[in-house]
Amino acid sequence: MKICPQCTSDSHERTSSTGLRVVGCIVLLFIPYGFFICWVPFVLPHKFLCNVCGYHGKEEELLNLDWRESEELKGQHRELHEKLQPVKDMWVQDTKQNSYKVIHGKGQYLLLKVLENNIVPYRIVGYDKDTDPKRIMIKDNLVENFNVTSSISKIIDKSNVQVNDFGKTILLDEEVTKFFSCNVEEFSQWLNEQAKVALLIDIEVLPNTERTIIEGKNGYSNKSTLFTNENEEEASDSKKYNDFHV
Ligand SMILES: [Zn+2]
């Protein structure tokens, strides 16, 4: 099994074309001395695109797991899913009263953060139930396919945002209606009044370059930061970077 070096997903596709290499080879045959270099297109490294985090790299960067490592990775994914199952579809809040919904969709556990003008998905990569408050670790590298609205921009006018088909499968109608009818503080207050908030949590944003699942719990140490406003900006920039590359 070959997995993405960034998110450990085995869902990726080759983005470089063998057909184009054949065409390049034929073109080279028609130029002077091209016969001697017509093999060059075939030794250029193939590239891949990850369908989960959007990482675009050389195929040689893919991690090749043997049977035992594949089973170990599946076990780690299963363990994370089992830990998150009790909070699936629940609303949680951090100490600053930011609201998030934990959902499972398209094979991934996602954390949807409610912003003033949008609802933005993050990929959940860890959940520590033993801290007080409990801590959810996230990464922001996620392809557009996981967006729940028509745009991930934070500065877009709310009237230009629509919840897309995927969003409609994971957000209740009343939640969508309330989101569009009030500001973010009122939305968090409404969740509390409706007794919809199940947990107080810490959110920790991990660097996208850090492999987490495959490195186990120790991979979380030292490199991560709590979700502050500055980190949020960084996360947003990083997301734009990833989208640019998708
Ligand atoms: Zn990936």
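This talk goes through one protein chain and its zinc ion, from the overall picture down to single residues.

The model on the screen is predicted, so please keep that in mind throughout. The protein chain has 246 residues, and 46% of them count as buried. Its secondary structure comes to seven helices and twelve strands. The accessible surface is about 13,200 Å², and 53% of that belongs to carbon and sulfur atoms. One more overall number concerns contacts between residues at least 6 apart in sequence: of these, 59% join residues at least 24 apart.

Now the zinc ion. Which residues donate to the zinc ion? The protein donors are Cys4, Cys7, Cys50 and Cys53, each through its SG atom, and they lie 2.3 to 2.4 Å from the ion. The angles among the four donor atoms run from 100 to 114 degrees, and the site is tetrahedral. For reference, the ideal angle for four tetrahedral donors is 109.5 degrees. Along the sequence, the donor residues follow the spacing C-x2-C-x42-C-x2-C. Cysteine 4 sits in the loop between E1 and E2, while cysteine 53 sits in the loop between strand E3 (47-50) and strand E4 (56-58), so this pair ties together parts that are 49 residues apart in sequence.

Are these two cysteines buried or exposed? Cysteine 4 has a relative accessible area of 0%, so it counts as buried. Cysteine 53 is at 1%, and therefore it is buried as well. The cut-off behind both statements is under 20% relative accessible area.

Let us stay in the loop between strand E1 (2-3) and strand E2 (12-14), where threonine 8 is also found. Threonine 8 is buried, because its relative accessible area is 4%. What does the side chain of threonine 8 touch? There is a polar contact of 3.4 Å between the side chains of threonine 8 and histidine 77.

Next, three strands further along the chain. Strand E9 (residues 119-128) and strand E10 (residues 134-139) run antiparallel and are joined by five bridges. E9 and E10 form a hairpin, with five residues between them. To find one matched position, look at tyrosine 127, which stands opposite isoleucine 136 in E10.

What is the direction of E10 relative to strand E11, parallel or antiparallel? E10 and E11 (residues 197-205) run parallel, and five bridges join them. Here isoleucine 138 stands opposite valine 205 in E11. E10 is thus joined by bridges to E9 and to E11.

Two neighbours in E11 deserve a look. Aspartate 202 is in strand E11, and so is isoleucine 203. Aspartate 202 is at 17% relative accessibility, so it counts as buried, given that the cut-off is under 20%. Its side chain makes a polar contact of 3.3 Å with the side chain of arginine 135. Isoleucine 203 is at 3% relative accessibility and therefore counts as buried too. As a general point, the side chains in a regular strand alternate between the two faces of the sheet.

How far apart are the C-alpha atoms of isoleucine 203 and isoleucine 136? They are separated by 5.1 Å, although the two residues are 67 residues apart along the chain. Isoleucine 136 is the E10 residue that we met opposite tyrosine 127.

To recap, four cysteines hold the zinc ion in a tetrahedral site, and E10 pairs with E9 in antiparallel fashion and with E11 in parallel fashion.

Methods:
Residues numbered from 1 in each chain as written. Predicted model: local features only at pLDDT ≥ 70, side-chain atom pairs only at ≥ 80, totals over all residues. Heavy atoms only, no water. Pairing = 2+ DSSP bridges. Helix = DSSP H or I, 4+ residues; strand = E, 2+ residues; numbered from the N terminus. Buried < 20%, exposed > 50% of the residue type's maximum accessible area, 1.4 Å probe, protein only. Contact = heavy atoms within 4.5 Å. Areas by Shrake-Rupley, 256 points an atom, 1.4 Å probe, with all protein chains shown as cover. Polar contact = N/O pair within 3.5 Å; in protein donor to acceptor, adjacent residues only side chain to side chain. Donors = N, O, S within 2.8 Å, 3.2 Å for Na, K, Ca; no water. Tetrahedral: all angles 85-135°; square planar, octahedral: opposite > 155°, others 65-115°.
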